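Trainee: I would like to go through the labels used for this model and see how each one is reached. Please set each value against its definition.

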Amino acid sequence: MSIQSKAATCILVASLTACTVGPDFVKPDAAVPEDWTTWRSGDESLHVPVTVNESLPPDWWRAFNDPVLDRLQQRAIEGSPDLLTATLHFAQARQQRIGVASQQLPGVRAGGDANRQAQSENNSGMRLIDAIGLPNRDQLAKVIAQPFNYYQVGFDASWEIDLWGRVRRSIESADADVARQEALLDLARLGLASDVARNYFELRNTQRQIVLIREDIATLEERLGLLQARAKGGLIDYVDVERQLADTAALKSQLPGLLAQEAVNENRIALLLGEHPGALRRDLAPAGAESEAALPDLALGLPSEVARRRPDIRAAEARLQGATAEIGVATANLYPSVTLGAHAGYDSYLAGQFLDSASQAWFGGLSVNLPLFDHGRRKSEVELSRLRQQEAAVDYQRTVLKAWQEIDDALNGYSAERQQLALLRTRVESTGEAYKLVQAKYEAGTVDFVAVIDSQRGHVQARRDLAASLGRLSIWFVTVNKAIGNTQPR
């Protein structure tokens with residue numbers, strides 16, 4: 001039997017007898033409630049009905065019908081440094097997987113060498129000549145020591161037979177890392193969309209507060225002018241004027257802080273989009289006191305879909321799968337490794353006869369690496385891999401529990417804010433009517449101006465509370481979508 005036939009036989013036998021050590025990954029069962037009425041905390045009044053026959057669209061921010069927000073989301077996807085970093089991590093994981101998978105196939109390389117060399121007249125090879133006692137020893141040594149050219153070219157091949165599944169488990173681990181980085185990329189996209197929307201609504205709420213304060217300041221200053229004119233005419237006491245001055249100054253003192261907060265919100269959005277401070281000033285110019293956005297009902301789909309949809313749960317599952325595969329990698333290192341090697345090429349010191357058949361050189365063989373004693377290092381690596389797998393399993397369960405806690409908090413917060421908004425809207429209507437009635441009574445002389453100021457202050461605060469509630473409700477809507485893992489597909 002030729003050497004080639006023997007090598008093929010060895011490869012076939014190795015392939016048929018190969019096994020994969022280590023535990024196989026078993027997909028964990030994520031504990032989820034049967035419906036949205038269970039696994040809920042808080043008062044029953046917060047448990048609003050949820051539509052389960054459909055889910056909110058992944059581009060949930062379009063429910064606000066705000067073209068500025070839509071453009072910001074698109075620009076964030078295109079320019080966010082955080083999203084680019086997550087994309088690069090995903091690409092690195094895929095390349096790493098290619099490198100690991102290449103170990104399944106033989107490695108072949110070609111090489112060549114051409115050099116000129118000279119040997120010592122007293123090199124180790126002369127010991128044999130001295131032992132034999134050949135005549136003309138010195139003359140022979142001078143001939144051997146003369147400089148000469150040496151040429152070599154050939155192909156080398158090597159292949160480690162995956163007897164124990166070390167490479168196969170390594171590929172499983174690499175696949176799990178690719179899945180994990182893909183989930184983290186989706187998590188980055190979800191976090192980016194949520195952060196852009198949250199900061200945008202905070203900005204609009206701040207701008208709305210600024211508009212309302214400026215409107216109220218203008219009203220108070222107009223009222224102040226009238227009071228000052230009446231005081232000069234002796235119709236009223238200057239005490240009313242001073243009270244109005246104090247009230248106006250108190251309202252004006254809130255404006256600088258709101259203007260600074262507006263700049264902070266604008267810069268946060270710019271950073272998310274990869275822009276410098278001030279780059280979005282024109283895009284995010286105040287739009288006035290916007291009307292309330294009509295938010296859709298909560299259509300969350302089935303609770304069981306959340307475990308498959310939330311990126312952090314998917315990432316935790318992939319980490320568990322990778323840790324399980326690493327046990328097999330460490331276990332395989334306890335056993336012998338077998339490598340097949342071969343070389344074929346030409347060696348010659350005669351340039352004219354370099355490609356002659358007489359210059360051919362080749363070899364083929366098998367090498368075995370048998371670990372004997374390493375003071376328990378390899379066994380400790382196996383145990384370390386098992387402990388890491390147990391840690392990943394605990395982390396998976398913790399991630400699932402955290403997901404449902406975030407969902408419950410988001411649903412309770414959204415429901416509570418909607419109820420509060422309805423009450424605040426009634427309050428604004430009532431304080432507005434009361435303010436009109438008190439003004440009429442003051443003009444008729446039945447009440448003093450203190451009652452007017454108190455009524456006006458109540459109406460101003462009610463309007464601002466309503467505007468703040470509108471902003472919080474929008475942010476809670478963002479929080480709900482983030483909690484259920486509602487991310488736009490890549």
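Trainee: Why is Trp 39 called partly exposed?

Mentor: Buried means under 20% relative accessible area, exposed means over 50%, and partly exposed is what lies in between, with a 1.4 Å probe and protein chains only. Trp 39 has 43% relative accessibility, so it counts as partly exposed. The model is a predicted one, in which local features need pLDDT of at least 70 and side-chain atom pairs pLDDT 80 or more, while totals for chains, interfaces and linings use all residues. Residues are numbered from 1 along each chain as its sequence is written, and side-chain values use heavy atoms, without hydrogens and water.

Trainee: Where in the secondary structure is Trp 39 found?

Mentor: Trp 39 is in the loop between helix 1 (3-17) and helix 2. Helices (H or I, at least four residues) and strands (E, at least two) are DSSP runs, numbered from the N terminus. Trp 39 also has a positive phi, near 55°, and is not a glycine. Most residues other than glycine have a negative phi. Asn 65 is another non-glycine residue with positive phi, here near 50°; it lies in the loop between helix 1 and helix 2.

Trainee: What makes Asn 65 exposed, buried or in between?

Mentor: Asn 65 has 67% relative accessibility, so it counts as exposed.

Trainee: Which residues does Trp 39 touch?

Mentor: Contact means heavy atoms within 4.5 Å. Leaving out residues up to four places away in sequence, Trp 39 touches Ala 31, Val 32, Pro 33, Trp 404 and Asp 408. Val 32, also in the loop between helix 1 and helix 2, touches Trp 39, Pro 303, Ser 304, Ala 307 and Trp 404 under the same exclusion. The C-alpha atoms of Val 32 and Trp 404 are 8.2 Å apart, with their positions 372 residues apart along the chain.

Trainee: Why is Val 32 called partly exposed?

Mentor: Val 32 has a relative accessible area of 29%, so it is partly exposed.

Trainee: What makes a space in this structure a cavity, and how many are there of 30 Å³ or more?

Mentor: On a 1 Å grid over the protein atoms alone, a cavity is a set of points where a 1.4 Å probe fits but cannot get out; lining residues have an atom within 4 Å of a point. Grid points are joined across faces, edges and corners, and the volume is the space filled by probe spheres set on them. There are 2 cavities of 30 Å³ or more. The second largest has about 40 Å³, and its lining includes Pro 33, Trp 36, Trp 39, Arg 40, Trp 404 and Asp 408.

Trainee: How do you sort that lining by class?

Mentor: Ala, Val, Leu, Ile, Met, Phe, Trp, Tyr, Cys and Pro count as nonpolar, Asp, Glu, Lys and Arg as charged, and the others, Gly among them, as polar. The lining of the second largest cavity then has 6 nonpolar, 1 polar and 3 charged residues.

Trainee: Why are Ser 80 and Gln 244 called buried?

Mentor: Ser 80 has 4% relative accessibility, so it counts as buried. Gln 244 has 0%, so it counts as buried too. Ser 80 lies in the loop between helix 2 (67-79) and helix 3 (81-101), whereas Gln 244 lies in helix 7 (residues 238-252). Not counting residues up to four places away in sequence, Ser 80 touches Arg 75, Leu 192, Leu 272 and Leu 273. With that same limit, the contacts of Gln 244 include Leu 220, Arg 223, Phe 449 and Gln 456.

Trainee: How do you know that strand 1 and strand 2 pair?

Mentor: Two strands pair if DSSP finds at least two bridges between them. Strand 1 and strand 2 (residues 148-161) have 11 bridges, in the antiparallel sense. Gly 112 stands opposite Val 153 in strand 2, and Asp 113 opposite Gln 152. Strand 2 is also joined to strand 3 (residues 337-348), antiparallel, by 11 bridges, where Tyr 346 is the bridge partner of Val 153.

Trainee: Why is strand 1 said to lie largely in the open?

Mentor: Of the 11 residues of strand 1 (residues 107-117), the number buried is 0, so the strand lies largely in the open.

Trainee: How do you compare the chain with a compact globule?

Mentor: The radius of gyration is taken over C-alpha atoms, and the globule rule is 2.2 Å times the number of residues to the power 0.38. For 490 residues a compact globule would come near 23 Å, but the chain has 39 Å. Its C-alpha trace spans about 145 × 55 × 40 Å along the principal axes.

Notes:
On a 1 Å grid over the protein atoms alone, a cavity is a set of points where a 1.4 Å probe fits but cannot get out, and a pocket is an open set with protein on both sides within 12 Å along at least five of seven lines; lining residues have an atom within 4 Å of a point.
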